[in-house]
Amino acid sequence: MGEFFQSFSAGIIQGTTEFLPVSSSGHLFLFRNFFNIDFGTDYVVLLHFGTLLAVLFFFWKDIWQIIHGLFTKNFYSWKLFFALIIGTIPAAVSGLLIEEFLEQHLTSNLTIGISLIITGVFLFFSDYLKKTDYSIKQIGMKKAFFIGIFQALAIIPGLSRSGLTLFGALLLGVKREDAFKFSFLLSIPVILGSTILKMGQISQSAQGLLGFVVAAISGFFALWLLKILTRTKKLKYFAFYCWIMGILVLV
C-alpha cells in the first residue's frame, strides 16, 4: 500500500470514527492489522491531534466562554473548568499505567472485535435512557469523575470514547445536547496531554502529516453529524454497525 494512500486512509478513518461512536483506535488498529502496516501509538496520537483541531474549531464559542469566564471570575466557567480537569484524571492515570501493556496485548483483532460488540450495547441503550433536564452547568465534580471513568475505559481499542462518555452523561440525566458538548470538551485535555507526551516521536514522522490534515477536516463534519444524531436519538444505528463489525472481525 502506497504511503500517500495509507496516510489519507488513516486520516479518514480517524476523523470519522473518532467522533462517530465506533472507536477510532479500534478501526485504526484493524487497518494496521489487516494491511500489515507498521505504525504504533505515536502515529495514532498524531492523528488524534488532527481531530483535536476539529474539536477546537467546532466548539470555539464554548471554549472562549470558558476562558473568558475564568478571567472574569464567572462561577459556572470555573465549575466547568474543574469538572473537565477532574473528568480527565481517570483517563490520564490509566493511559500512563497501561500504555506498554496496551500496545503489546490489547490491539489484537480478538480484543477489538469483543470491544466493538460491547460498545454497541452501550450505544443501543443510550437512546432509551430516561430524559431529564440536567444541563452542562449542573455537572459537578462527582458527575465529571463518573463520566471520566467511561473515558478511561475507552483506552481499550474497540471501546468508543465518544460512545461511552455520551452513555455516562446520559445515564446521569444530562440533556442530550449538553452530554454531546461535555463529551467532546472532555476529550481536549486527554488528546492534548498525550500529544505533548509523544511530541518527540511525532516530530520525526512526516508520514502522518497528510493523515493529520485529513483527520482534522473529516472530523469536523463527523462532529456535525453526531450532534444531529445524538439529539434525535439515533445512536442505536451505530450499535448495529458495531455489532456487525465486531462479529466480522471475530470471524
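Leaving aside neighbours within four places in sequence, which residues is Phe182 in contact with? They are Leu80, Ala83, Leu84, Ile136, Ile139, Ala144 and Ile147. Contact means heavy atoms within 4.5 Å.

This is a predicted model, in which local features need pLDDT of at least 70, side-chain atom pairs count only at pLDDT 80 or more, and totals for chains, interfaces and linings use all residues. Residues are numbered from 1 along each chain as its sequence is written, and side-chain values use heavy atoms, with hydrogens and water left out.

**Cores**

The largest nonpolar core has 49 residues. Phe59, Phe182 and Leu185 touch the most other members. Another core, of five residues, lies apart from it. Ala10, Ile13, Leu28 and Leu47 are among its members. A nonpolar core is a set of buried Ala, Val, Leu, Ile, Met, Phe, Trp, Tyr and Cys residues joined through side-chain atoms within 4.5 Å. Buried means under 20% relative accessible area, exposed over 50%, and partly exposed in between (1.4 Å probe, protein chains only).

**Helices H7 and H8**

Helices are DSSP runs (H or I, at least four residues), numbered from the N terminus. H7 spans residues 141–153 and H8 residues 161–171. Their axes come within 8 Å and cross at roughly 160°. Axes are lines fitted to C-alpha atoms over the stretch in contact, with angles from 0 to 180 degrees between N-to-C directions. H7 and H8 are therefore roughly antiparallel, a term for angles over 145 degrees.

From H7, Phe146, Ile147, Phe150, Gln151 and Leu153 take part. They meet Arg161, Leu164, Thr165, Phe167, Gly168, Ala169 and Leu171 in H8. By class, this contact has eight nonpolar, three polar and one charged residues. Ala, Val, Leu, Ile, Met, Phe, Trp, Tyr, Cys and Pro count as nonpolar, Asp, Glu, Lys and Arg as charged, and the others, Gly among them, as polar.

**Loop residues**

Lys131 lies in the loop between H6 (109–126) and H7. Lys131 is exposed, at 68% relative accessible area. Its C-alpha is 6.3 Å from that of Gly173, 42 residues apart in sequence.

Most residues other than glycine have a negative phi. Two loop residues with positive phi are tabulated here.

| Residue | Phi | Loop between | Relative accessible area |
|---|---|---|---|
| Ser23 | near 75° | H1 (3–19) and H2 (24–35) | 3%, buried |
| Lys233 | near 55° | H12 (208–231) and H13 (236–250) | 34%, partly exposed |

Note on methods
Helix = DSSP H or I, 4+ residues; strand = E, 2+ residues; numbered from the N terminus. Parallel < 35°, antiparallel > 145°, perpendicular 65-115°, else oblique.
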